[in-house]
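Reader: I would like to go through this structure term by term. Please set each value against its definition.

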Amino acid sequence: MARLPAPGSVIVPDWHESAEGKEYLACILRKNRRRVFGLLERPVLPPPVAIDTASYKIFVSGKSGVGKTALVAKLAGLEVPVVHHETTGIQTTVVFWPAKLQASDRVVMFRFEFWDCGESALKKFDHMLPACQEKTDAFLFLFSFTDRASFEDLPGQLARVAGEAPGVVRMVIGSKFDQYMHTDVPERDLTAFRQAWELPLLRVKSVPGRRLADGRTLDGRAGLADIAHMLNGLAEQLWHQDQVAAGLLPNPPEDPPS
């Protein structure tokens, strides 16, 4: 399997916390609240800070109840559902994220279009999975730290969903990490999985987002700080994949079989 870029080697990890980064983040915030963008909308930047946009389609896969919809809501700065409801059909959500490239100091606006489909719908309608797979740039595979079966289902998910797209970015996300004291997935199993599959593995908490002073409105800037590592990690993998595909970076040799 081709070697992945080292974390922080493509995207400047803490740039969003700098004065320059906050200037760019202002275009996806309004009065400290996250802006919601439709499929045809995009952030408006002043002419002096206009930047290129890189767009990607991302399919979120995992067993029912692992937190796929909650993850997308958190990434988009929306309220996380308190009660689980099976997603009916396919839901798409657009998230914008500005990031600075390590190699060139260039800022790029990443546009992530997340596709979320309920497990029941995938099983019931044969056209759902092909629609989610078509022209997909990345697959996010979710498991829950409180659901051992969802972790054990990952190899099957990887083969079934992304088996015919070996060159597409694949990342694994462990949800409900804040409930780690009650985990059904110990660290030794995560280590063994990483060694076997050589995929990026990130963790996300399921706690509700922080609020503004009114106690009701989500704090958009604090919410971005909570999920910046995920958006940067996704941007890093996708940008590196594009650079290799365009011949701008050498394709790392595959490791010899052991």
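Reader: Why is E198 called partly exposed?

Author: E198 has a relative accessibility of 33%, so E198 counts as partly exposed. Buried means under 20% relative accessible area, exposed means over 50%, and partly exposed lies in between (1.4 Å probe, protein chains only). The model is predicted, so local features need pLDDT of at least 70 and side-chain atom pairs count only at pLDDT 80 or more, while totals for chains, interfaces and linings use all residues. Residues are numbered from 1 along each chain as its sequence is written, and side-chain values use heavy atoms, with hydrogens and water left out.

Reader: Where is E198, and what is its phi?

Author: E198 sits in the loop between α7 and β8. Its phi is positive, about 50°, although E198 is not a glycine. Most residues other than glycine have a negative phi. Helices (H or I, at least four residues) and strands (E, at least two) are DSSP runs, numbered from the N terminus.

Reader: What makes K176 a case to list beside it?

Author: K176 is not a glycine either, and has a positive phi of about 60°. K176 lies in the loop between β7 (169-175) and α7 (187-197). With a relative accessible area of 23%, K176 is partly exposed.

Reader: How do you know that R211 and E79 form a salt bridge?

Author: A salt bridge is a side-chain nitrogen of Lys or Arg within 4 Å of a carboxyl oxygen of Asp or Glu. The closest N and O atoms of R211 and E79 are 2.6 Å apart, so the pair qualifies. The pair links distant parts of the chain, 132 residues apart: R211 is in the loop between β8 (201-203) and α8 (220-245), and E79 is in the loop between α2 (68-76) and β4 (90-100). R211 is partly exposed at 33%, and E79 is partly exposed at 45%.

Reader: How many salt bridges does this rule give, and which others can you name?

Author: The count comes to 9 salt bridges. Among them, D226 and R210 have their closest N and O atoms 2.7 Å apart. D226 lies in helix α8 and R210 in the loop between β8 and α8, so the pair ties together parts that are 16 residues apart in sequence. D226 is partly exposed at 38%, and R210 is partly exposed at 45%. E113 and R111 also meet in a salt bridge, at 3.2 Å from N to O, and both of these residues are buried. R148, E152 and D189 are linked in a network of salt bridges.

Reader: What makes α2 largely enclosed by the rest of the structure?

Author: In α2, 7 of the 9 residues are buried, so the helix is largely enclosed. The buried residues include L71, V72 and L75. After α2 comes G77, with a positive phi near 75°.

Reader: Why is β4 described in the words used for α2?

Author: In β4, 8 of the 11 residues are buried, so the strand is largely enclosed by the rest of the structure.

Reader: How do you know that β4 pairs with β5?

Author: Two strands pair if DSSP finds at least two bridges between them. Here 11 bridges join β4 to β5 (residues 107-117), and the strands run antiparallel. T93 has F114 in β5 as its bridge partner. The hairpin of β4 and β5 has 6 residues between the strands, and D105 in this hairpin takes a positive phi near 60°.
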